[in-house]
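Visitor: Please show me the model, and then let us go through it part by part.

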Amino acid sequence: MIKFNAALEKIIDSVEPIESESVRLTGALGRVLAEDIYSDTDIPGFDNSAMDGFAVRSSDTICASSDNAKVLEVIEDIKAGDIAKKTIDHNQAIRIMTGATIPKGADSVIMVEYTKKIQNKPRESIEVYKELAAGENIRKKAEDIKKGELIISRGTLLNCGHIGILASLGRPKIQVVRRPKIAILATGDELVGVGQRLAPGKVRSSNTYTLYSQIVKCGCIPKNLGIAKDIPSQLEKKIRRGFDCDIILTSGGVSVGEFDLVKDVLAKIGTKIKFWQVAMRPGKPLVFGNIGKILIFGLPGNPVSGMISFEVFVRPVLLKMTGQRQDRQIEIEAVLEEDIQKKKGMRYFLRARTRWQNGRYLSRLSGPQGSALLKPMSLANSLVILGESQVFFKKGSKVKVRFLD
Ligand code: AMP
Ligand code: MG
């Protein structure tokens, strides 16, 4: 039996990054960027108005207030997209809309709200009721992004803001990491499909769907290979259908029962088995190996064991494969709200609810911890991680916690 950290290290060492592909910006959300994006332009590209109002010289507004209006002549109107033809001189203003280029001679913009149109003057004029500082209400050229700046680095998981930047930079297509394709095979004579009637003694293959969802949640592409009976020829045939994938996940049949055949079948079809059984709970009976570039996880069949194994072993693989930072695996410290007794030598991953209260995190179990119990898993927002050596954790002690979302 291998220790958890050693198992994770062996797994991570086997991962090779995968290639990139070009996608349109509309399909880029949630993808991992495979190139560094440098800006080839300043954004904004020119000084422009942050408000609807009048471009003025701030020196013409000195001491202006509601009791002391300054009068300015309006010499031109410009809207966003226009460039003023005239230059502002002493006591002049240009009516300007948000986003329009600041006219020559102006150094600030007064909001419409601080002005009033003067009627019955031969030339259009306004009263100004506020003193402005130079630069007021002007969005400076390059204040958001500078030409030459590394603005989004490779490995970034693209969010809606990144998509906006890429659009502003004129990048209708970008290079992203290909989405890993992951096969799932459920194994077990007792299993039936989710839409099937339950005959006595049978159970529906929930693992197919939990794993499927976990794969989708990681931004990867699942391939459902269905259910295989505990018959070597059938296991072999169905596992082979995952050979076009980057990773194959089998579920069940890796324990020490008479019909736990998966490990032998994997070995027979050429899997280089790197280890079997990890000193952890749940998830002990895990098998890991590879056939060439394909990584193979024989996940335990118990529903919670499979999910936790995915979370702690498969997810880090996907992060490395797609070039993302492992800091998405951050563990925090929380205060335990109950006593917990555990077995020596095993690392525990307990289903828990963790919340922030009075400046610290508090964790309590989300229900009984049997590895077949999906309900506490569904109620959990986090895993409490208890190290191998200690056997008793008192209420109030500090433990490591990892959030599931
Ligand atoms: P095994 O590791 O094959 O002995 O399975 C351990 C337990 O997990 C048994 O109670 C199985 O019925 C259950 N199990 C195995 N595969 C699945 C599955 N795909 N969906 C739900 N339960 C499963
Ligand atoms: Mg089985």
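Visitor: How far apart do the C-alpha centres of domain 3 and domain 4 lie?

Guide: This is a predicted model, in which local features need pLDDT of at least 70 and side-chain atom pairs count only at pLDDT 80 or more, while totals for chains, interfaces and linings use all residues, and side-chain values use heavy atoms, with hydrogens and water left out. Residues are numbered from 1 along each chain as its sequence is written, and chains are lettered from A and ligands numbered from 1 in the order in which they are written. The domain assignment, whose bounds come from an automatic or database source, gives domain 3 as 48-139 and domain 4 as 332-403. The distance between the C-alpha centres of domain 3 and domain 4 is 62 Å.

Visitor: Which strands stand at the edges of the sheet β7-β4-β6-β5-β9-β8, each with a single partner strand?

Guide: Strands here are DSSP runs (E, at least two residues), and helices are likewise DSSP runs (H or I, at least four residues), numbered from the N terminus; two strands pair if DSSP finds at least two bridges between them. The six strands form an open sheet with mixed pairing. Because each edge strand has a single partner, one side of each is left without a neighbour in the sheet, and these strands are β7 (108-111) and β8 (115-118).

Visitor: Within that sheet, which residue is the bridge partner of K70 in β9?

Guide: Strand β5 (residues 70-78) and strand β9 (residues 125-128) run antiparallel and are joined by four bridges. In β9, K70 has as its bridge partner V128.

Visitor: In the sheet β16-β13-β17-β21-β20-β18, which residue of β21 stands opposite I291?

Guide: This open sheet of six strands has mixed pairing, and its edge strands, β16 (221-228) and β18 (272-276), each pair on one side only. Strand β20 (residues 287-291) pairs with strand β21 (residues 294-299) in the antiparallel sense over five bridges. The residue of β21 opposite I291 is I294.

Visitor: How much of the area that ligand 1 exposes when taken alone does the protein bury?

Guide: 15 residues surround ligand 1, with E190, S205, S206, G253 and G301 the closest, where a residue counts if one of its heavy atoms lies within 4 Å. A polar backbone atom of G253 lies 2.8 Å from an oxygen atom of ligand 1, and a backbone N or O atom of S206 is 3.1 Å from a nitrogen atom of ligand 1. Taken alone, ligand 1 exposes 480 Å² (Shrake-Rupley method, 1.4 Å probe), and the share buried by the protein is 76%.

Note on methods: Polar contact = N/O pair within 3.5 Å; in protein donor to acceptor, adjacent residues only side chain to side chain.
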